[in-house]
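Good morning, colleagues. Please have the sequence and the model before you as I speak.

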Amino acid sequence: MAAPTGTMRAVQYDRYGGGAQGLKHVEVPIPSPKKGEVLIRMEATSINQVDWKFQKGVARPVMPRKFPFVSGFDLAGEVVEVGAGVTEFKAGDKVIAFNFPKGGGLAEYAVASASLTVARPPEVSAAQGACLPMAAVTALRSLQAAGVTLDDPAAASPRKNVLVTAASGGVGHFAVQLARLGGHRVTATCGARNLGLVRDKLGADEALDYGTHEGAALRSPSGRKYDAVVHCAPAAGVPWSVFRRALADAGGKVVDITPGFAAFVTAILQMATFSKKRLVPLIVTPTKEDMELVVDLVKQGRLAAVIDSSYPLSRAQEGWARSMSGHATGKVVVEMGGSE
Ligand SMILES: NC(=O)c1ccc[n+]([C@@H]2O[C@H](COP(=O)([O-])OP(=O)(O)OC[C@H]3O[C@@H](n4cnc5c(N)ncnc54)[C@H](OP(=O)(O)O)[C@@H]3O)[C@@H](O)[C@H]2O)c1
């Protein structure tokens, strides 16, 4: 297979702000893989909140470091060229990759480090694969950070009462499925329209509508207190006092995946006072092993991404707007070969 040359379609933004309307369709040179990199002919990427949060300027001026910027950190496609020193991949291999913070996924071709690229078996579609690196791995690592084991349910480790907030979202819907795979009892919060999905499709034992008084108080319908919480809902929405009341008397951990300054201060104070109830701020950087684990679970049919909506590259701004709405159910995907 000859290495592609010439130009490709990409979607980029060239300043902070602007939302979906700030995305521009451009024709740019196809990148070349450097040492340790692979060039991927893109089949799908997924849009995460961090895509448009960077555009808003939450990490300015560090990310994006320069403009114009092609976003899209979750990559799924086929290797078409490898850079010097890459021996584990060859042209024709189907892969997924995580390319953070460089991005590049909203394009027909993207380069990624081979060290964060994994094989994608035929059972895992490009769209499914593109949902995994950021969202599924964050769910996995959040459960681990909360002390929730994902071993076989028949194993000796005790089952825990786990709460997942925003269980209908990109990260939350994976967290519910993974906790259930470990045999734990899962309570989930979501909007009224998703109560059925969260219970029947994702497998939560019980679901709470966050729009109700009971939901806002995180009160388990069966009276459970939680040993572990994976907090995916907007961070500012739940004060620590609510978590403290909801946690088991023996103690427990609330893993906050959207931690602000206050979360870090709370966590440090709790550590200093040897509190049994802890807030754990978590920013996840996926590893190859994490990605292989979730790909394997999808291959085995034990884990699946719920796809909220999928858009061709030519309509990427619609997917961007959908993610920005904060009301996606599962993942928002952009498929390069998708029909217009
Ligand atoms: N730390 C990390 O490394 C890391 C990695 C990935 C993501 N994150 C962060 O994690 C957060 C969640 O990301 P995501 O991709 O899962 O978001 P998402 O897919 O955009 O979440 C949307 C879902 O959240 C639900 N929701 C909104 N407010 C809620 C509330 N108060 N209670 C319960 N459900 C609520 C919505 O339900 P309705 O439509 O019914 O309102 C919707 O289904 C974001 O802040 C993201 O930046 C962090």
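I shall speak about the ligand site, then the cysteines, then one buried asparagine, and finally some points of backbone geometry. Please bear in mind throughout that this is a predicted model.

Let me begin with the ligand. Where does the ligand sit with respect to the largest pocket? The space that the ligand takes is itself that largest pocket. Around the ligand there are 25 residues, and those that come nearest are Ser168, Arg193, Tyr210, His327 and Ala328. Two helices deserve mention here: helix H1, residues 49-56, and helix H3, residues 132-145, each give at least two residues to the shell around the ligand.

Several backbone atoms also face polar atoms of the ligand. At Val171, a polar backbone atom is 2.9 Å from an oxygen atom of the ligand. At Val284, the separation between a polar backbone atom and a ligand oxygen atom is 2.8 Å. At Ile257, a backbone N or O atom lies 2.9 Å from a nitrogen atom of the ligand. As for coverage, the ligand taken alone exposes 950 Å², and the protein buries 87% of that area.

I turn now to the cysteines. How many disulfides does the structure hold? The number is zero. Why do Cys190 and Cys232 form no bond with each other? The sulfur of Cys190 has its closest cysteine sulfur in Cys232, and because that distance is 12 Å, the two are too far apart for a bond. For reference, the cut-off applied to a pair of cysteine sulfur atoms is 2.5 Å. Seen from Cys232, the closest cysteine sulfur is the one in Cys190, again at 12 Å. Both side chains belong to buried residues: Cys190 has a relative accessible area of 1%, and Cys232 has one of 16%.

The next residue is Asn161, which is found in strand S8, residues 161-165. Is Asn161 buried or exposed? Asn161 is buried, with a relative accessible area of 12%. What does its side chain contact? The side chain of Asn161 makes a polar contact with the side chain of Arg185, at 2.6 Å. In addition, a polar atom of the Asn161 side chain lies 3.1 Å from the backbone oxygen of Lys225.

I come lastly to the backbone. As a general point, most peptide bonds are trans, and most residues other than glycine have a negative phi. Against that background, four places in this model merit inspection on your screens.

Let us take the peptide bonds before the phi angles. The bond from Arg60 to Pro61 is cis, with omega near 5°. Phe67 and Pro68 are likewise joined by a cis peptide bond, where omega is about -5°. Pro61 is found in the loop between H1 and strand S4, the latter being residues 74-82, and Pro68 lies in the loop between H1 and S4 as well.

Now for phi. Ala166 is not a glycine, and its phi is positive, near 50°. Ala166 is placed in the loop between S8 and helix H4, residues 172-181, and is partly exposed, with a relative accessible area of 22%. Leu218, which is not a glycine either, has a positive phi of about 60°. Leu218 is found in the loop between helix H6, residues 213-216, and strand S11, residues 228-231. With a relative accessibility of 4%, Leu218 counts as buried.

Thank you for your attention.

Technical notes. Residues numbered from 1 in each chain as written. Predicted model: local features only at pLDDT ≥ 70, side-chain atom pairs only at ≥ 80, totals over all residues. Heavy atoms only, no water. Buried < 20%, exposed > 50% of the residue type's maximum accessible area, 1.4 Å probe, protein only. Near = heavy atom within 4 Å. Polar contact = N/O pair within 3.5 Å; in protein donor to acceptor, adjacent residues only side chain to side chain. Areas by Shrake-Rupley, 256 points an atom, 1.4 Å probe, with all protein chains shown as cover. 1 Å grid on protein atoms, 1.4 Å probe; cavity = no way out; pocket = protein on both sides within 12 Å on 5 of 7 lines; lining within 4 Å. Sits in = over half its atoms within 2 Å of the grid points. Helix = DSSP H or I, 4+ residues; strand = E, 2+ residues; numbered from the N terminus.
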